[in-house]
Amino acid sequence: MKRNTIISIFLAILLVTVGVMSWALRNADLDMQLYLSGLWILSVAIVLWLGNVYLVKILNVVVPWRTFNNWRFAIQIFLSLVFSLTCINITYYLFKINFTEAPPTDGQFMTLNLYGVLFLIPVVSL
């Protein structure tokens, strides 16, 4: 299967999942904040997974493990952290400005990044 076909399938699955989740949560009379939190977490998880898989595929070609063992490890952790934290911050910002009345604060971004790094380093290292 071609890479573009796989990406298109995953994006279609993402849209269907978000749509179904949106419908189910809206009809369940749940608190809107709970709904938005779940939607944000699902969106971030899918984007991070797809992006990091794509990043690994690129690095496998450009910086293969057999040739650049230690460098590859450092490069992959660095690029994965930068990509992941960027996605987390952008999606949080977009959800916050579109669905709440107050824009995100610097403290919220600091908390996102701190928890993001603490969670991502062990995951990416594996």
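What share of the contacts in the protein with a separation of 6 or more comes from residues 24 or more positions apart? The answer is 55%. Keep that figure in mind as we walk through the fold.

A word on confidence before we start, since this is a predicted model. The mean pLDDT of the protein is 78, with 72% of the residues at 70 or more. Helix α1, residues 3-27, has the lowest mean pLDDT among the elements, at 63. At the other end of the scale sits helix α3, residues 69-99, with the highest mean, 86.

The overall layout is quick to describe. You'll find four helices and zero strands, so to speak a plain α-α-α-α when you read along the sequence. There are 126 residues, and 29% of them count as buried. On the outside, the protein exposes about 8,900 Å², and carbon and sulfur atoms supply 71% of that area.

Now for the inside. The largest nonpolar core has 16 residues, and the ones touching the most other members are Trp40, Val44, Leu48, Ile88, Leu112 and Leu120. Helices α2 (32-62), α3 and α4 each put in at least two residues. Helix α3 gives the largest share of this core, with seven residues.

Leucine 112 is a good place to zoom in. Leaving aside residues up to four places away in sequence, leucine 112 touches Trp40, Ile88, Asn89 and Tyr92. Two of those names, Trp40 and Ile88, also turned up among the core residues that touch the most other members.

Follow Tyr92 next. Tyrosine 92 is buried because its relative accessible area is 17%, under the 20% cut-off. The structure holds one aromatic pair, and tyrosine 92 forms it with phenylalanine 109. The two rings meet edge-to-face, at 6.0 Å centre to centre, with 80 degrees between the planes. Tyrosine 92 lies in helix α3 and phenylalanine 109 in helix α4 (residues 106-125), so this pair ties together parts that are 17 residues apart in sequence.

Back on helix α3, have a look at isoleucine 90. How buried or exposed is isoleucine 90? It counts as partly exposed, because its relative accessibility is 46%, which falls between the 20% and 50% cut-offs. Isoleucine 90 and valine 44 are 46 residues apart in sequence, yet their C-alpha atoms are 9.7 Å apart in space. Valine 44 is another name you've met already, as one of the core residues that touch the most other members.

Methods. Residues numbered from 1 in each chain as written. Predicted model: local features only at pLDDT ≥ 70, side-chain atom pairs only at ≥ 80, totals over all residues. Heavy atoms only, no water. pLDDT = per-residue confidence, 0-100. Phe/Tyr/Trp six-rings, centres within 6.5 Å; stacked < 30°, edge-to-face > 60°. Buried < 20%, exposed > 50% of the residue type's maximum accessible area, 1.4 Å probe, protein only. Contact = heavy atoms within 4.5 Å. Areas by Shrake-Rupley, 256 points an atom, 1.4 Å probe, with all protein chains shown as cover. Core = buried A, V, L, I, M, F, W, Y, C linked by side-chain atoms within 4.5 Å.
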